[in-house]
Amino acid sequence: MAHPRMYDDSNPAIQKLREICLALPEVFEKEAWGECTFRVTGGSMFAMTDNNHHDSGHLAVWVKAPAMVQEILVNSDPKRFFVPPYMGKKGWVGVRIDYKVKWDQTAAILKDGYLMSAPSKVRSKSSGKIGDSAASTDAIAKRTLRPARRKKARDHVR
């Protein structure tokens with residue numbers, strides 16, 4: 001049995017999310033599990049909507065994330081960021097898009113997930129167009145963590 005559609009195409013947050021994701025090279029949208037998913041041609045899924053998925057009570061996007069980003073973001077603001085079911089154990093991070101949305105930050109998180117999912121030939125074609133993944137992740141960490149937490153997160157990586 002197919003999942004019923006969980007999202008509303010007219011929702012401005014879904015429209016903004018779609019605009020950000022589909023602006024990335026070689027990205028396409030595919031409905032799965034009743035949600036919007038965003039994938040890279042020749043690569044894999046890097047983002048999926050969560051429109052009250054399994055009665056979560058929010059509208060969010062789950063995003064593939066580099067090591068430590070999930071922990072840093074969730075610890076910095078647990079109302080905006082969360083560990084999503086199923087994908088959380090693989091490092092994905094949930095980002096609410098119905099509560100205090102910072103679209104520039106959300107776009108940077110999505111770009112990092114995209115770069116992790118894109119095949120090398122797509123990454124090399126787009127390297128000048130979308131920025132440096134490490135720089136955007138570092139910028140997110142600097143903006144979201146207090147100085148003491150930043151030092152602790154840096155020490156954890158070493």
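In what order do the elements of the protein run from the N terminus on? In this predicted model, the order is α-β-β-β-β-α-β-β-α-α-α-α. The secondary structure thus comprises six helices and six strands. The protein has 158 residues, and 48% of them count as buried. About 8500 Å² is exposed, with carbon and sulfur atoms supplying 53% of that area. Contacts across the sequence were also examined. Among contacts between residues at least 6 apart in sequence, 50% join residues at least 24 apart.

Strands β1 and β2 were considered next. Strand β1 covers residues 27-32, and strand β2 covers residues 35-40. The two run antiparallel and are joined by six bridges. One residue of these strands is Lys30, whose bridge partner in β2 is Thr37. Together, β1 and β2 form a hairpin. Two residues lie between the strands. Trp33 is in the turn and has a positive phi of about 55°.

The interior was then described. In soluble globular proteins, nonpolar side chains tend to be buried together. Here, the largest nonpolar core holds 31 residues. Phe38, Phe46, Val61, Val93, Leu110 and Tyr114 touch the most other members of this core. Two or more residues come from each of α1 (12-22), β2, β3 (45-51), β4 (59-63), α2, β6 (93-96) and α3 (103-117). Another core lies apart from the largest one. This other core has seven residues, among them Met45, Ala60, Trp62 and Phe82.

Val61 illustrates the contacts of a residue in the largest core. Residues up to four places away in sequence are not counted here. Val61 touches Leu17, Ala47, Met48 and Thr49. The contacts of Val61 also include Val93, Gly94, Val95, Ile97 and Leu110.

A charged residue was examined last. Arg80 is placed in the loop between α2 (69-76) and β5 (81-82). Is Arg80 buried or exposed? The relative accessible area of Arg80 is 4%, under the 20% cut-off, so Arg80 is buried. The side chain of Arg80 is joined to that of Gln105 by a polar contact of 2.6 Å. Gln105 is also among the residues that Arg80 touches, not counting residues up to four places away in sequence. The others on that list are Gly94, Val95, Arg96, Tyr99, Lys100 and Lys102. Gly94 and Val95 are touched by Val61 and by Arg80.

Technical notes
Residues numbered from 1 in each chain as written. Predicted model: local features only at pLDDT ≥ 70, side-chain atom pairs only at ≥ 80, totals over all residues. Heavy atoms only, no water. Helix = DSSP H or I, 4+ residues; strand = E, 2+ residues; numbered from the N terminus. Buried < 20%, exposed > 50% of the residue type's maximum accessible area, 1.4 Å probe, protein only. Contact = heavy atoms within 4.5 Å. Areas by Shrake-Rupley, 256 points an atom, 1.4 Å probe, with all protein chains shown as cover. Polar contact = N/O pair within 3.5 Å; in protein donor to acceptor, adjacent residues only side chain to side chain. Pairing = 2+ DSSP bridges. Core = buried A, V, L, I, M, F, W, Y, C linked by side-chain atoms within 4.5 Å.
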